[in-house]
Amino acid sequence: MAAFLRVPGFLSAVTLLAAVPLTGCGGGGSGDTGGSGAEKGADASEEARPPDDFGCLTSAEAASITFTSAGSTETGGYMPGGASGAGTGAGIVLAHQSDGTACQWKDKADELHRAGYRVLAVNSAGQEVSEIVGAAGYLRGKGAKKLLLMGASKGGTAVLTAAPELQPQPDAVVSLSAPTLYSGMNALGAVPKLTVPVLYMAAEYDEYFGDDAKALNRASTKSAEHKLIYVKGAGEHGVALLNSQENWAAVRAFLKKYGS
């Protein structure tokens, strides 16, 4: 289908985490759907290029890695603890918004890592679905027995589109303020293929994203559980939804339920 880009006028004003410096833009590249056999990202080497700070990492953290996307493209990511100290629990792939980088997830990635998860926040170069498939393969190749995907805004569209491509599918998916369509990615066409639990979250006053979350939830007919958290009276978008302790606790509970 033709590429379809939906970007609200005030998106950048409501999505930034105040404590997290952001640099660059993830872009809205086409969503290469790859294929189930494309989890060859597990064979990637984190030694392929010098560490990248993505604009927010200190030299002491040294926690950036590289892996291979499903399209054989070298992709960067933030992995708390680095490749050798990445936790022992479920793997979590995090996908950022169009106005962010892997730094957008840094605080939450660190918190999830401290809770024992293996976390990989993808630094998108514009091939979102292909990158997520590669990141999933990387984490599984590092020993993750369970796999969770979480994305915000275009990253939410990406994880929803990528999840049915993975074999096996991830254990659960979390989508924050995802549009149904974004630059060649069709989440609304993908979610009917999902058989795994999925959590949708969107704010009432966040333009059309609340309606899109409702549509995606309705379309998730084969999912073992599909749940919508519609945050009334709020306008936060994507990662900013998790500034609310109540919202973050709900997401953490969902991740624990299916990642333990």
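This passage describes a helix contact, a cavity, an aromatic pair and some backbone features in a predicted model.

Two packed helices are described by the angle between their axes and the distance between the axes. Helix α3 covers residues 128-141, and helix α4 covers residues 154-162. Their axes come within 9 Å. The crossing angle is roughly 60°, and the crossing is right-handed. On the α3 side, the contact is made by Glu-128, Val-129, Ile-132 and Val-133. On the α4 side, Lys-154, Ala-158, Val-159, Thr-161 and Ala-162 take part. By class, 6 of the contact residues are nonpolar, 1 is polar and 2 are charged. Glu-128 and Lys-154 count as charged because Glu and Lys belong to that class. Thr-161 is the polar residue, because Thr is in neither the nonpolar nor the charged list.

Empty space was examined next. Rolling a probe the size of a water molecule over the atoms shows where empty space is left. The whole structure contains 2 cavities of 30 Å³ or more. The volume of the largest is about 60 Å³. Helix α3 contributes two or more residues to the lining of this cavity, as do α4 and strand β3 (91-95). Leu-94, Ala-95, His-96, Val-122 and Ser-124 are among the lining residues. The lining also includes Glu-128, Glu-131 and Ile-132, along with Lys-154, Gly-155 and Ala-158. In this lining, 5 residues are nonpolar, 3 are polar and 3 are charged. Glu-128, Ile-132, Lys-154 and Ala-158 line the largest cavity and also belong to the contact of α3 with α4.

Aromatic rings were then considered. A pair of aromatic rings is described by the distance of the centres and the angle of the planes. The structure holds 3 aromatic pairs. One of them joins Phe-67 and Tyr-138. Their ring centres lie 6.2 Å apart, with 50° between the planes. The pair is classed as tilted because an angle of 50° is neither under 30 degrees nor over 60. Phe-67 sits in strand β1 (residues 64-68), whereas Tyr-138 sits in helix α3. The two residues are 71 residues apart, and their pair links distant parts of the chain.

Three backbone features lie in loops. Gln-167 and Pro-168 are joined by a cis peptide bond, with omega about -5°. Pro-168 falls in the loop between α4 and β6 (172-176). Ser-72 has a positive phi, near 65°, and is not a glycine. Its loop runs between β1 and β2 (74-78). Ser-153 also has a positive phi, near 55°. Ser-153 is in the loop between β5 (147-152) and α4.

Definitions and conventions: Residues numbered from 1 in each chain as written. Predicted model: local features only at pLDDT ≥ 70, side-chain atom pairs only at ≥ 80, totals over all residues. Heavy atoms only, no water. Axes fitted to C-alpha atoms, helices over the stretch in contact; angles between N-to-C directions. Helix = DSSP H or I, 4+ residues; strand = E, 2+ residues; numbered from the N terminus. Left-handed = near helix turned anticlockwise from the far one by under 90°. Contact = heavy atoms within 4.5 Å. 1 Å grid on protein atoms, 1.4 Å probe; cavity = no way out; pocket = protein on both sides within 12 Å on 5 of 7 lines; lining within 4 Å. Points joined across faces, edges and corners; volume = space filled by probe spheres on them. Phe/Tyr/Trp six-rings, centres within 6.5 Å; stacked < 30°, edge-to-face > 60°.
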